[in-house]
Amino acid sequence: MSVADPRQVRGDGGTGAPDAPAYAVVVPTIGRECLADCLAALATADGPPPVEVVVVDDRPEPGDELPLAAAGVLRDRLRVRATHGAGPAAARNAGLREAGAPWVVFLDDDVRVDADWRRRLAADLAAASPATGGVQGRLVVPLPEDRRPTDWERGTAGLADASWATADMAYRADALRAVGGFDERFRRAFREDADLALRVLGAGWELRRGARTTRHPVRPAGPWVSVRAQRGNADDVLMTRLHGRDWWTRARAPKGRFPGHLLVTAAAAAVPLCLLTGHRRPAALAASLWALGTAEFTAARLRGGPWTAREVATMAATSVLIPPLAVGHRLAGTARHRGARPWQGTP
């Protein structure tokens with residue numbers, strides 16, 4: 001299909017979809033197999049197709065060929081750009097630079113849009129007022145039906161209530177360029193979407209939730225995934241530097257358990273210090289506080305879970321490691337971002 005005017009695309013040939021602005025789709029990827037499912041779902045959805053699809057290959061080194069054939073009828077509209085491990089924020093900016101449509105829809109490579117997604121997206125964009133800078137899709141996280149979800153699965157399910165998650169987020173290209181795009185100092189898929197949303201809102205645009213639905217399966221993860229996730233504490237420091245201490249409320253983000261982690265870590269650090277100085281009773285008290293705090297944290301993570309031997313062992317082991325790692329990453333972020341200034345990118 002050729003589009004004479006890239007700013008407007010007609011419904012989809014009689015399916016009842018409304019007139020809507022043309023849109024591009026940007027999919028950052030690190031070469032995961034799920035990219036094929038993402039592209040196939042996008043290609044087979046009902047409704048007006050994107051005028052272009054930009055797959056941004058963010059693998060540090062070239063690897064196997066990406067499964068681009070899964071894009072089907074959209075293959076001739078698809079381009080690939082490489083960002084060589086620059087991170088998801090930089091990858092999305094690269095996709096934005098390639099896109100010429102007035103709306104850019106960011107999809108993660110591990111999502112699958114619903115069968116009517118393109119039609120509902122067209123309605124979302126057609127209903128957007130001139131003041132609307134972005135329209136969020138509705139995320140659904142399928143959970144096991146035959147057992148209780150694990151801690152990792154419940155954490156992923158939280159995406160269903162997240163605000164402005166770029167797993168499925170449509171932005172007006174003018175709004176993105178006005179604020180400099182994504183802040184590339186966020187090198188992980190964490191907080192970069194909240195940061196962008198706060199800057200778009202701060203520039204006077206509105207953000208709203210649309211009617212389209214996208215499924216976000218829980219990706220496989222090893223037992224130490226929650227330990228690696230503590231690196232996000234450094235990104236929380238950057239958010240505070242850029243947006244103030246109340247950014248949690250304005251970004252509608254859960255604040256987490258860092259105060260408890262700090263207390264438990266301080267208690268653990270106090271034990272050897274007290275013993276070295278001959279203060280046995282304070283050492284015993286600090287050890288008790290550490291044990292109680294760790295036990296409470298473990299129990300909270302197990303609550304609502306499957307209580308299998310593997311899950312209990314994983315929660316017990318990682319609950320010991322998470323508090324000091326959270327504190328360590330927070331301190332590292334404090335040092336790294338102490339002079340952080342507002343993002344001045346030019347996507």
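Is Phe182 buried or exposed? Phe182 is at 1% relative accessibility, so it counts as buried. The cut-off for buried is under 20%. Keep that number in mind. One more thing before we go on: this is a predicted model.

Let's stay with Phe182 for a moment. How many aromatic pairs does a search of the whole structure find? It finds three. One of them joins Phe106 and Phe182. Their ring centres are 5.2 Å apart, and the planes stand at 90°, so we call this pair edge-to-face. Now look at where the partners come from. Phe106 sits in strand E4, while Phe182 sits in the loop between H5 and H6. They are 76 residues apart, so the pair links distant parts of the chain. Phe106 has 0% relative accessibility, and therefore it is buried as well.

Next pair: Trp247 and Trp248. These two rings are stacked, with 4.2 Å from centre to centre and 25° between the planes. Trp247 has a relative accessible area of 0%, so it is buried. Trp248 is at 11%, and it also counts as buried.

Rings can have charged company too. Arg301 lies over the face of Phe297, at 5.2 Å from the ring centre. Arg330 places its charged end over the ring of Phe258, 3.7 Å from the centre.

On to helix H2, residues 88-98. How many of its 11 residues are buried? Nine are, so H2 is largely enclosed by the rest of the structure. The buried ones are Pro88, Ala89, Ala90, Ala91, Arg92, Asn93, Ala94, Gly95 and Leu96. What covers them? The cover includes strands E1, E2 and E4, plus helices H5 and H6. You have met E4 already: Phe106 is in that strand.

Now some helix packing. Take H8, residues 232-243, and H12, residues 309-336. Their axes come within 7 Å and cross at roughly 40°. H8 and H12 are therefore oblique to each other. The crossing is right-handed. Who makes the contact? On the H8 side, Asn233, Ala234, Asp236, Val237 and Arg241. On the H12 side, Ala326, His329, Arg330, Gly333, Thr334 and Arg336. Notice Arg330 in that list. That is the residue with its charged end over the ring of Phe258.

Compare H10 with H11, residues 280-302. Here the axes come within 8 Å and cross at roughly 150°. That makes H10 roughly antiparallel to H11. This crossing is left-handed. From H10, the residues that meet H11 include His261, Val264, Ala267 and Cys274. From H11, they include Arg280, Ala283, Trp290 and Phe297. Phe297 is the ring that has Arg301 over its face.

Back to H8 for a single residue, Asp235. Its relative accessible area is 2%, so it is buried. Which residues does Asp235 contact, leaving aside neighbours within four places in sequence? Phe186, Arg188, Phe190 and Arg191.

Arg191 deserves its own stop. It lies in the loop between H5 and H6. With a relative accessible area of 12%, it counts as buried. Its phi is near 75°, a positive value in a residue other than glycine. Why point that out? Because most residues other than glycine have a negative phi.

Arg252 also has a positive phi, near 55°. Arg252 is found in the loop between H9 and H10. Is it buried or exposed? Its relative accessible area is 58%, so Arg252 is exposed. Arg191, by contrast, is buried.

Last stop: Arg199, in helix H6. Its relative accessible area is 14%, so this arginine is buried. Not counting residues up to four places away in sequence, it touches Val179, Gly181, Phe182, Asp183, His243 and Trp343. So we are back at Phe182, the residue we opened with. Now a distance. How far apart are the C-alpha atoms of Arg199 and Arg228? They are separated by 28 Å, with their positions 29 residues apart along the chain.

To wrap up, go back to the model and find three places. Find the edge-to-face pair of Phe106 and Phe182. Find H2, largely enclosed by the rest of the structure. Then find H8 passing H12 in its right-handed crossing.

Methods. Residues numbered from 1 in each chain as written. Predicted model: local features only at pLDDT ≥ 70, side-chain atom pairs only at ≥ 80, totals over all residues. Heavy atoms only, no water. Buried < 20%, exposed > 50% of the residue type's maximum accessible area, 1.4 Å probe, protein only. Helix = DSSP H or I, 4+ residues; strand = E, 2+ residues; numbered from the N terminus. Contact = heavy atoms within 4.5 Å. Phe/Tyr/Trp six-rings, centres within 6.5 Å; stacked < 30°, edge-to-face > 60°. Lys NZ or Arg CZ within 6 Å of the ring centre and 35° of its normal. Axes fitted to C-alpha atoms, helices over the stretch in contact; angles between N-to-C directions. Parallel < 35°, antiparallel > 145°, perpendicular 65-115°, else oblique. Left-handed = near helix turned anticlockwise from the far one by under 90°.
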